[in-house]
Amino acid sequence: MKIAEQVTFAAGSLNRDAESRGNTETQAVLTKNAKLLPLWQGKILMQPAADGWDLSYLSQDTLPADFATASQVYLGLQDGTPLFALDVSEWEPQDNLPDTAQFLDNSIQCHPDLPEDRGFFELRATMAGLTPNEAEVAATARSILEWHRIHGFCANCGARTHVSMAGWQRDCDACGRSHFPRTDPVVIMLITHGNSVLVGRGVGWPDDMYSLLAGFVEPGETIETATRREVLEEVGVTVGPVGYLASQPWPYPSSLMIGTWGHATSTEIKLDPTELSDALWITREDMLDIFSGRNPKIKPARKGAIAHFLMQNWLADRLD
Ligand SMILES: [Zn+2]
């Protein structure tokens, strides 16, 4: 797909500067002049902008006192400026606590020492309003900090691990193993049959939310095998030819969405109720209505998600 790298989170120009990660003297210099991006429990400090949102960077001088001891990860260089992600999850906001009961947490947490328009936003709600460079930084920061949060102990021997390589490695002194950030491959497939595309509604999703089917690639599988297996498991539809379209880092928390196409060789849907509440074949004409907001029962996939990108380009005949 020629325009594959236009998908959200895939079009940035971050220089990850991996060769600087292991040099503590270089890191000390980089930290002094850095732009620091605070993240609080997976939410990112941002501020509204004319055409969406801006990431809200701080400097060592503008850092609130209770952020000063936060752990940090060197993200790399953008236009020569060093960027660090700062994990301020231990800060306790006094109001606007996260709304975890909602499908999407729209609450915003504001630190009293920062300007009023800055707050910690849920990235899922703002991702389509960031520039490509900012989206890449946000995705990288969110994934790497979440990896640290859940990998404090060695998977080999159970001892506590410590951070090295400017945040890109954890080492275990007890057994000598090093551990590296994970990325979990997920296939997400545009399955078509003639003029129709297959969509599903996950268990627990809002009633009007339908998207492309998706699932984790299992050990020992190819992308093609995983595409066919997931569709068969979830809706009982068989798939013939399969191919690759585009990929998208998906920082919730650390997936790589691999967009594929597949041609169905059967159409009858036999739903797996543990995975999906509903699945439908939708014609191109009906999907055009959905994308233009004319269908009261179904909303288009969320803007910024690869499902939206793939379906939009299927409708526009731009998958080549
Ligand atoms: Zn160990």
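In this predicted model, the centres of domain 1 and domain 3, taken over C-alpha atoms, sit 30 Å apart, with domain bounds coming from an automatic or database assignment. The contact (heavy atoms within 4.5 Å) draws 17 residues from domain 1 and 20 residues from domain 3. Along the chain, domain 1 covers 4–150, domain 2 covers 151–182 and domain 3 covers 184–315. Local features need pLDDT of at least 70 and side-chain atom pairs count only at pLDDT 80 or more, while totals for chains, interfaces and linings use all residues. Numbering runs from 1 along each chain as its sequence is written, and side-chain values use heavy atoms, leaving out hydrogens and water.

Domain 1 and domain 3 bury about 1,500 Å² between them, 70% of it from carbon and sulfur atoms; buried area here is the accessible area (1.4 Å probe) that two parts lose on being put together, summed over both. On the domain 1 side, Val7, Phe103 and Arg124 lose the most area, together 36% of what that side buries. As for salt bridges (a side-chain nitrogen of Lys or Arg within 4 Å of a carboxyl oxygen of Asp or Glu), the rule finds zero across this interface. Helices α2 (123–126) and α3 (132–150) each supply at least two residues of the domain 1 side, and α3 gives the largest share, four residues. Helices are DSSP runs of H or I, at least four residues, and strands are runs of E, at least two, numbered from the N terminus.

Elsewhere the salt-bridge picture is livelier, with a count of 12 by this rule. In α3, Glu146 pairs with Arg149, the closest N and O atoms being 2.9 Å apart; the two are three residues apart, so about one helical turn separates them. Glu146 is buried at 19% relative accessible area, whereas Arg149 is exposed at 59% (buried means under 20%, exposed over 50%, partly exposed in between; 1.4 Å probe, protein chains only).

Lys299 and Asp208 also meet in a salt bridge, at 3.3 Å from N to O. Lys299 is in the loop between α5 (284–291) and α6 (306–315) and Asp208 in the loop between β11 (196–202) and β12 (213–216), so the pair ties together parts 91 residues apart in sequence.

Another bridge joins Glu218 and Arg229, with closest N and O atoms 3.8 Å apart. Glu218 lies in the loop between β12 and α4 (223–235), and Arg229, 11 residues away, in helix α4. Glu218 is partly exposed at 42%, while Arg229 is buried at 16%. Shared partners link Glu218, Glu221, Arg229, Glu230 and Glu233 into one salt-bridge network.
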